Amino acid sequence: MKKKLLTLFLSAMSVFFVFGAKVSAETVSVVSDTAYAPFEFKDSDQTYKGIDVDIINEVAKRKNWDVNQTFPGFDAAVNAVQSGQADSLMAGTTVTDERKKVFTFSDTYYDTSIVIYTRSSDKVSDYKQLKGKTVGVKNGTASQTWLDKNASKYGFTVKTFDTSDLMNNSLDSGSVDAAMDDTPVVKYAIGQGKDYAINIKPESIGSFAFAVKKGGKHENLI
Ligand code: ASN
């Protein structure tokens, strides 16, 4: 996993530097998700780490930005950039047509997919098995869009959470039957010892990129 992450980081760096003008000692506020390992997460030493943190720090170094990165959670981060309270979004954000209407995106740095997962004792290998069940998801995410679109087709109920760890606590305690999140994040959690299972094919939905408000004063960052 470590080697894979390093390869991802290096290839992300190579795409990240084909765009953008060099800005001189500009202070750039960057908002991110909060519990989204391996992209951003609070480590046991109470500092935030992860691929998004490493990429932003490297970009800042090369572009001479003075970065202030904070971790309010995905939906809060999106709202902060849209309302002008923050300059930019680095939160494992999937580029979608809907989001392109309000954000300007950098080149992408990671091809993602989203997937249903359950406690490992419950096997869901077909969406039809979710009939009558409750599926957890994080507010404002591409997974939520997918679930909302498919809820009536498969007969499940969608329950939203502000963060992935709150969602996973509910999955652990049985107050939701399944959840949906980005596949690398679920696989990382399983690798860290979470007792979850993926028995259904992930949905490819696009790639992650850095973003600023479309038409805003920070488009020069990209
Ligand atoms: N990958 C999610 C999305 O693009 C964002 C996240 O969960 N941090 O909707």
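Guide: A molecule sits in a cavity if more than half of its atoms lie within 2 Å of the grid points of that cavity. In this predicted model, the ligand meets that condition for the largest cavity.

Visitor: What makes this space a cavity, and how many cavities of 30 Å³ or more does the structure hold?

Guide: The space is called a cavity because a 1.4 Å probe fits there but cannot get out. The structure holds 1 cavity of 30 Å³ or more. The volume of the largest cavity is about 110 Å³. Its lining comprises 16 residues, and Y36, F74, G92, T141 and D182 are the closest to its centre. At least two lining residues come from helix 5 (142-154), and at least two from strand 9 (178-182).

Visitor: Which residues are closest to the ligand?

Guide: The closest are D33, G92, R99, A142 and D182, among 13 residues that surround the ligand. Each of the 13 counts as a neighbour because one of its heavy atoms lies within 4 Å of the ligand.

Visitor: Why is the approach of Y36 to the ligand called a polar contact?

Guide: An N or O atom in the Y36 side chain is 3.0 Å from a nitrogen atom of the ligand. The cut-off is 3.5 Å between N or O atoms, and therefore the pair qualifies. G92 contributes a backbone N or O atom, 2.8 Å from a ligand nitrogen. K138 places a polar side-chain atom 2.8 Å from a ligand oxygen. The protein covers 99% of the 270 Å² of accessible area that the ligand has on its own.

Visitor: How are the residues around the ligand divided by class?

Guide: The shell has 5 nonpolar, 4 polar and 4 charged residues. The cavity lining has 6 nonpolar, 5 polar and 5 charged. Y36, one of the residues closest to the cavity centre, is placed in the nonpolar class because Tyr is assigned there.

Visitor: How much space lies in the largest pocket, and which residues are closest to its centre?

Guide: The largest pocket holds about 380 Å³ of space. Its lining numbers 19 residues, with A35, A37, D165, N168 and A189 the closest to its centre. Two or more lining residues come from each of strand 2 (41-42), helix 6 (164-173) and helix 7 (183-191). The lining divides into 10 nonpolar, 5 polar and 4 charged residues.

Visitor: Why is 41-42 called a strand?

Guide: A strand requires at least two residues, so the run 41-42 qualifies as strand 2.

Visitor: Is the peptide bond from A37 to P38 cis or trans?

Guide: That bond is cis, with omega near 10 degrees. P38 belongs to the loop between strand 1 (26-31) and strand 2.

Visitor: What is notable about phi of Q46?

Guide: Phi of Q46 is near 70 degrees, a positive value in a residue other than glycine. Q46 is located in the loop between strand 2 and strand 3 (48-49).

Conventions:
Residues numbered from 1 in each chain as written. Predicted model: local features only at pLDDT ≥ 70, side-chain atom pairs only at ≥ 80, totals over all residues. Heavy atoms only, no water. Polar contact = N/O pair within 3.5 Å; in protein donor to acceptor, adjacent residues only side chain to side chain. Areas by Shrake-Rupley, 256 points an atom, 1.4 Å probe, with all protein chains shown as cover. 1 Å grid on protein atoms, 1.4 Å probe; cavity = no way out; pocket = protein on both sides within 12 Å on 5 of 7 lines; lining within 4 Å. Points joined across faces, edges and corners; volume = space filled by probe spheres on them. Helix = DSSP H or I, 4+ residues; strand = E, 2+ residues; numbered from the N terminus.
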